[in-house]
Amino acid sequence: MPHPSSLDSRRADAALALIATHDAAFRRTARRHSLCADDAEDAYQRALEILLTKAPDCERPRLAAWMHTVTKREAMAVRRARERLLGTRPPVEREGEPWDLDSLPADRPGPAERAERRERVTRSSEALAALKPQERRALALKAEGYSYAEIQRLCGWTYTKVNRCMAEGRKRFLEVFAAIYGSG
């Protein structure tokens, strides 16, 4: 692919202006014709490459329509490749028949799984509230990726105190979480 600076400057300027004003619409087109968000992003990136290398020299509304078509075609190509990889095809919608939603591929959890996750987050928050402030702080810093030595420096604690806060905090969290989760 030639570098965009080597392309005709008029075409490059038109492409950049088009992307700046229609990016969200092109992404929606890609998403509408893809099986998942990752495939939509791949298709959109391929469409952008085509825009930057092969876009026709025409007025902006016509260029936008052309780009929607390219984005749709790339999304459908990625979709076909994914279906070949998975060895399945999603069901075809028939006139007057509802979709079989359980057989459609999805990249997001269903309502039951989302409710379960929300419940676990709520219970986790309750369990964290039951910890001592120092235990909460040590666990939060560790969850953010800090090492014991970094927690020691940040909090002004000894290594033994960091270790004790982590061990007791984890133990208390699990006990409280189990008690709360078991009662729910």
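User: In what order do the elements of the protein run from the N terminus on?

Analyst: They go α-α-α-α-α-α-α. It's a predicted model, where local features need pLDDT of at least 70, side-chain atom pairs count only at pLDDT 80 or more, and totals for chains, interfaces and linings use all residues. Residues are numbered from 1 along each chain as its sequence is written, and side-chain values use heavy atoms, with hydrogens and water left out.

User: How many helices and how many strands is that, and what counts as one?

Analyst: Seven helices and zero strands. Both are DSSP runs numbered from the N terminus: a helix is H or I over at least four residues, a strand is E over at least two.

User: Why are H2 and H3 called oblique to each other?

Analyst: Take the angle first: the axes of H2 (residues 37-54) and H3 (residues 60-86) cross at roughly 135 degrees, coming within 8 Å. Those axes are lines fitted to C-alpha atoms, for helices over the stretch in contact, and the angles run from 0 to 180 degrees between N-to-C directions. Now the cut-offs: under 35 degrees is roughly parallel, over 145 is roughly antiparallel, 65 to 115 is roughly perpendicular, and the rest is oblique. The H2 and H3 angle falls in the rest, so the pair is oblique.

User: And what is the handedness of the crossing of H2 and H3?

Analyst: Right-handed. That label applies if the near helix is turned clockwise from the far one by less than a right angle; anticlockwise would make a crossing left-handed.

User: Which residues make the contact of H2 with H3?

Analyst: On the H2 side they include Ala-43, Tyr-44, Ala-47 and Leu-51, and on the H3 side Trp-66, Met-67, Val-70 and Val-78 are among them. Contact here means heavy atoms within 4.5 Å. By class, there are 13 nonpolar residues, one polar and five charged. Nonpolar covers Ala, Val, Leu, Ile, Met, Phe, Trp, Tyr, Cys and Pro; charged covers Asp, Glu, Lys and Arg; the others, Gly among them, are polar.

User: What makes H1 and H3 oblique?

Analyst: They pack at about 45 degrees, with axes 10 Å apart. That angle fits none of the parallel, antiparallel or perpendicular ranges, so H1 and H3 are oblique to each other. Their crossing is right-handed. Among the residues in contact are Ala-14, Leu-18, Phe-26 and Thr-29 of H1, plus Leu-63, His-68, Thr-71 and Lys-72 of H3. The class split is 10 nonpolar, five polar and two charged.

User: How do you know that Thr-29 is buried?

Analyst: Buried means under 20% relative accessible area, exposed means over 50%, and partly exposed is in between (1.4 Å probe, protein chains only). Thr-29 has 4% relative accessibility, so it counts as buried. This residue sits in H1, residues 9-32, and leaving out residues up to four places away in sequence, Thr-29 touches His-68, Thr-71 and Lys-72.

User: Why is Arg-32 called exposed?

Analyst: Arg-32 comes in at 56%, which puts it past the exposed cut-off. Arg-32 is in H1 too. Its C-alpha is 9.8 Å from that of Met-76, 44 residues apart along the chain.

User: What about Ala-55, why does it count as buried?

Analyst: Ala-55 has 6% relative accessibility, so it's under the cut-off and counts as buried. You'll find Ala-55 in the loop between H2 and H3. Neighbours within four places aside, Ala-55 is in contact with Arg-11, Ile-50, Leu-63 and Trp-66. Ala-15 is 40 residues away from Ala-55 in sequence, yet their C-alpha atoms are 7.8 Å apart.

User: And what makes Cys-36 buried?

Analyst: At 14%, Cys-36 is also under the limit, so buried is the right label. Cys-36 lies in the loop between H1 and H2.

User: Why is H5 called oblique to H6?

Analyst: Their axes come within 10 Å and cross at roughly 130 degrees, with H5 at residues 133-143 and H6 at residues 148-155. That angle makes H5 oblique to H6. The crossing is right-handed. H5 brings Arg-137, Ala-138, Leu-141 and Lys-142 to the contact, and H6 brings Tyr-148, Ile-151, Leu-154 and Cys-155. That's six nonpolar, no polar and two charged.

User: What share of the whole protein counts as buried?

Analyst: 29% of the 184 residues.
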